[in-house]
Amino acid sequence: MFRQTIAERKLVKGIGLHTGRDCTMTFEPYDREGIYFLRTDIKDSKPIKAFVGNVSSTMRGTNLTYEGAEVHTVEHVLSACSALGITDILISMDGPEPPVMDGSSQEYSKVLILAGIKRLDKKVPVLTINKKIEMSENNVLYTAEPADKLTMTFLFVHTHPLVSRLEHTLEFSKDNYLKEIGPARTFGFVEELEFLKKHGLAKGGSTENAVVITKDGFSSPLRFEGEMVRHKILDMIGDFALTGCILDNMKIYARGGGHKFNVEFAKKLLKEGVING
Ligand SMILES: [Zn+2]
């Protein structure tokens, strides 16, 4: 597999989910290996590589930091890049957090496809495994087993009767991602919103960019049955992009979990997996 960048600059604008701050985010072709974020609003700040070693927080989103500059909630943008096979790109931002758009990754994918995906003459490292890898804590379980292709299954369990048990399996490909996963929006429970806002999170969150789950329903019609669990897979793909590798030939299963566990599991895959290329 080859590294890929984009052919031309494209931008998106909007407010951040957690910070509520305006941001113009520009996707630019890049000649360094990796996905990098650059805070253009911070003087002399250095590009921040999307890598597990730069994760600064996984509270309700994945934040990265490098040499004093931080970017928040990078997982949806990373998810779109990963699904499209974009390995080398500079993502410039004039604020701390990407525009949330509609709460899914489909707007980013659209813009990146419009920018044109350009194959580079360099190989990308492919991460596979030759044994079962497992991680568990309380009710959360993550496993990866060798397989002939890449699949990702997520099981979402909750005490709320409307979303008590949701499961989805993605057979990973660009087309399947764009169809089954990319449009799935972020979500939250109505009773959590006050708590999140009190902790300075979800400031930009609204029913325009998130599905709010109330006692008896959803704030807007769902795009899919089980939209929430599909979004969990969207997040997982974004967080796994922090390996800096293309994952292949494994069956990934996650029961419960979120950004913290995604990042921990990405580290474990890097440590115990086999990297070629
Ligand atoms: Zn998300």
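**Zinc site and domain contact**

Me: In this predicted model, are histidine 76 and aspartate 235 buried or exposed?
Reply: The class follows from relative accessible area, and under 20% is the range that decides the matter here. Histidine 76 and aspartate 235 both belong to the class called buried.

Me: Which residues coordinate the zinc ion?
Reply: The donor atoms lie at 2.1 to 2.7 Å from the zinc ion. They comprise NE2 atoms of two histidines and OD atoms of an aspartate, which is listed twice. The coordinating residues are thus His76, His231 and Asp235.

Me: How many residues apart in the chain are histidine 76 and aspartate 235?
Reply: The donor residues follow the spacing H-x154-H-x3-D. Histidine 76 sits in helix 1 (residues 75–83) and aspartate 235 in helix 5 (residues 227–240), so this pair links distant parts of the chain. Their separation is 159 residues.

Me: What is the geometry of the site of the zinc ion?
Reply: Four donors count as tetrahedral if all angles lie between 85 and 135 degrees. The angles among the four donor atoms of the zinc ion run from 52 to 148°. Because that range goes beyond the tetrahedral limits, and the site is assigned to neither regular class, its geometry is irregular.

Me: What area do domain 1 and domain 2 bury between them?
Reply: The domain assignment gives domain 1 (2–123) and domain 2 (126–276). Their contact takes 34 residues from domain 1 and 36 residues from domain 2. Carbon and sulfur atoms carry 65% of the buried area, which is about 2800 Å².

Technical notes:
Residues numbered from 1 in each chain as written. Predicted model: local features only at pLDDT ≥ 70, side-chain atom pairs only at ≥ 80, totals over all residues. Heavy atoms only, no water. Donors = N, O, S within 2.8 Å, 3.2 Å for Na, K, Ca; no water. Tetrahedral: all angles 85-135°; square planar, octahedral: opposite > 155°, others 65-115°. Helix = DSSP H or I, 4+ residues; strand = E, 2+ residues; numbered from the N terminus. Buried < 20%, exposed > 50% of the residue type's maximum accessible area, 1.4 Å probe, protein only. Domains from an automatic or database assignment. Contact = heavy atoms within 4.5 Å. Buried area = accessible area lost by both parts, 1.4 Å probe.
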